[in-house]
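Okay, everyone, let's get started. I'll walk you through one protein model today, piece by piece, so keep the picture open while I talk.

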Amino acid sequence: LGGDKICVSAINETLCVALQFASLPPMQPKVFMSVDLGASKLSVSAYELRQADEIGVFRLVEIGSMTDVFCSGSEIEYRMMQWCEKRRPFQNSMLTSKPALFKLRKEIRNALKTLTVAEEATIETDNVVGGHDLQLVLTLEDFEHECADVFDSIVSLTKEVLLMAGRTCVPECVLVGGAMRIPRAQKLLTSLVEAQGGTIRKTIDFDRGISLG
């Protein structure tokens, strides 16, 4: 970039978060996983922090990683838009109108946030399409049923990465991504990890991890 002494390193978001977690004290060899359910994909990676030959120097090695582009926050939102479409009390389709999709997506996101702390949420918007108003009650049970295969994919991919890494479990698993705040996703993954003696970590600041990386 205009000079011989300039070095540019490009790393992805998942690795940035892994670097942040690996650098948390105490600095010592460790093995951990990161499960990132973001807007566009699910990424699961396993890492090992190894002691280098030089004292005080460590090396972070990725020992397994897989991605599923069909499992994402956007897929969950689309499933719920279809759920709303099937239950609309009028004939006009909401999925063929860009303004209606914008309104519907906004309401669904608010409803999903509500379902992280409540058993039901209301999806409500005025004049969503053709002058019609929409008001639906989404229960946590309905939501989990509609997206059951998406949540199951998280567990399946985690098992595949463990197999790739040659391990049956890891001591720690870091949760990353907005969609990993969904209680069902956390519950399934927690059951898998804790059954093997591991621990779920939810304290990593995703934005700070990226900036530090």
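Before anything else, one bit of vocabulary: two strands count as paired if DSSP finds at least two bridges between them. And keep in mind that what you see is a predicted model.

So let's try that word out on a hairpin. Strand β4, residues 120–129, and strand β5, residues 132–139, pair in the antiparallel sense, and seven bridges connect them. If you click on Ile 123, its bridge partner in β5 is Leu 136. The two strands form a hairpin with two residues between them. Look at Gly 130 in that turn: its phi is positive, about 60°.

Now to the sheet. In what order do the five strands of the open sheet come? The order is β3-β2-β1-β6-β7, and the pairing is mixed. At the edges you find β3, residues 58–68, and β7, residues 199–201. Each has a single partner strand, so one side of each is left without a neighbour in the sheet. On average, neighbouring strands here are turned by 20° against each other, ignoring direction.

Let's follow the chain through part of that sheet. Strand β1, residues 30–37, runs antiparallel to strand β2, residues 42–51, with eight bridges joining them. Four residues make the hairpin connection from β1 to β2. Two pairs to look for: Met 33 sits opposite Ala 46 in β2, and Leu 37 has Leu 42 as its bridge partner.

Leu 42 is a handy residue to stay on, since it also stands opposite Asp 68 in β3. β2 and β3 run antiparallel too, joined by 10 bridges. Their hairpin has six residues between the strands, and in that turn Gly 56 has a positive phi of about 85°. As for β2 itself, seven of its 10 residues are buried, which leaves the strand mostly covered. Helix α5 lies across β1, β2 and β3, and runs at about 135° to β3.

Over in β6, residues 172–176, find Glu 172. Is Glu 172 buried or exposed? Glu 172 is buried, because its relative accessible area is 17% and the cut-off for buried is under 20%. Who is around it? If we skip neighbours within four places in sequence, Glu 172 touches several residues, including Phe 21, Lys 30, Met 33, Thr 199 and Arg 201.

Phe 21 brings us to helix α1, residues 13–22. Seven of the 10 residues there are buried, so α1 is largely enclosed by the rest of the structure. Phe 21 is one of those buried residues, and so are Cys 16, Val 17 and Ala 18, among others.

Next, a pair of helices. The axes of α2 and α5, which is residues 148–164, are 10 Å apart, and the helices pack at an angle of about 160°. Why do we call them roughly antiparallel? Because angles over 145 degrees count that way, α2 and α5 are roughly antiparallel to each other. Their crossing is left-handed. At the contact, Glu 75, Ile 76 and Arg 79 in α2 meet Asp 149, Val 150 and Phe 151 in α5.

Three of those names come back when we turn to salt bridges. Glu 75, Arg 79 and Asp 149 are linked in a salt-bridge network. Within it, the side chains of Glu 75 and Arg 79 meet at 2.7 Å, N to O. Both are in helix α2, residues 73–86, and they lie four residues apart, about one turn of the helix. Arg 79 is buried, at 16% relative accessible area, while Glu 75 counts as partly exposed at 22%.

How many salt bridges does a search of the whole structure find? Seven. Another one joins Glu 77 to Arg 109, with the closest N and O atoms 2.8 Å apart. That pair links distant parts of the chain: Glu 77 is in α2 and Arg 109 is in helix α3, residues 98–114, which puts them 32 residues apart. Glu 77 counts as buried at 13% relative accessibility, whereas Arg 109 is partly exposed at 43%.

Last one: Arg 50 and Glu 48 form a salt bridge through their side chains, at 3.3 Å from N to O. Arg 50 is partly exposed, with a relative accessible area of 37%.

That's my tour, thanks for listening!

Terms used
Residues numbered from 1 in each chain as written. Predicted model: local features only at pLDDT ≥ 70, side-chain atom pairs only at ≥ 80, totals over all residues. Heavy atoms only, no water. Salt bridge = Lys/Arg side-chain N within 4 Å of Asp/Glu carboxyl O. Buried < 20%, exposed > 50% of the residue type's maximum accessible area, 1.4 Å probe, protein only. Axes fitted to C-alpha atoms, helices over the stretch in contact; angles between N-to-C directions. Parallel < 35°, antiparallel > 145°, perpendicular 65-115°, else oblique. Left-handed = near helix turned anticlockwise from the far one by under 90°. Contact = heavy atoms within 4.5 Å.
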